[in-house]
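Trainee: Could you take me through this one, term by term? I'd like to see how each label is earned.

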Amino acid sequence: MQIQVFMGNAGDGKTSKLQSVQDRLDSIGESAPIVQAGAYNEAGLLEILEVRAAGGQREILVDDCSRQQILRVLEWQSCAEHEPDFDGLVIHLARKD
């Protein structure tokens, strides 16, 4: 599992970095709708990440993350990194300003 965190101007709700990742995925025929982190508390965000990963999504895009949400995802990564269900998973997190 790999986590990428975009900060500063990247996390402005319409981040060009997340959009470029989404465009790249679209060009190879993979669907990766952007998760709006503001719609979830920390536990809810972890749950939606697990559901998407279990459903076979290998790249997950998350926008508008709070600092605390990012910390919880990083903690989750350290606990789950040896689970085979998460092999090859890349999560892109954009921090809200």
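Mentor: Sure, starting with an aromatic couple: both Trp76 and Phe86 are buried. Keep in mind that this is a predicted model, where local features need pLDDT of at least 70, side-chain atom pairs count only at pLDDT 80 or more, and totals for chains, interfaces and linings use all residues. Residues are numbered from 1 along each chain as its sequence is written, and side-chain values use heavy atoms, with hydrogens and water left out.

Trainee: What makes a residue such as Trp76 or Phe86 "buried"?

Mentor: Buried means under 20% relative accessible area, while exposed is over 50% and partly exposed is in between, using a 1.4 Å probe and protein chains only. Trp76 and Phe86 both come out as buried. Of the 97 residues of the protein chain, 41% count as buried.

Trainee: And why are Trp76 and Phe86 called an edge-to-face pair?

Mentor: Rings of Phe, Tyr and Trp (its six-membered ring) pair if their centres lie within 6.5 Å; planes under 30 degrees apart are stacked, over 60 edge-to-face, and the rest tilted. The search of the whole structure gives 1 aromatic pair. For Trp76 and Phe86 the values are 5.2 Å centre to centre and 75° between the planes, so they pass both tests and the pair is edge-to-face. Trp76 sits in helix α3 and Phe86 in the loop between α3 and β4, 10 residues apart.

Trainee: What makes something a helix or a strand here?

Mentor: They're DSSP runs numbered from the N terminus: helices are H or I with at least four residues, strands are E with at least two. By that rule the chain has 3 helices and 4 strands, running β-α-β-α-β-α-β from the N terminus on.

Trainee: How do you know that strand β3 is largely enclosed?

Mentor: 6 of the 7 residues of β3 (residues 59-65) are buried, so the rest of the structure largely encloses this strand.

Trainee: Why do β3 and β4 count as paired?

Mentor: Two strands pair if DSSP finds at least two bridges between them. β3 and β4 (residues 90-95) have 5 bridges in the parallel sense, so they qualify. Leu61 stands opposite His92 in β4.

Trainee: What makes the crossover from β3 to β4 right-handed?

Mentor: With the strands pointing away from the viewer, the path from the first strand over the helix to the second must run clockwise. The β-α-β crossover from β3 through helix α3 (residues 67-80) to β4 is right-handed, so its path is clockwise in that view.
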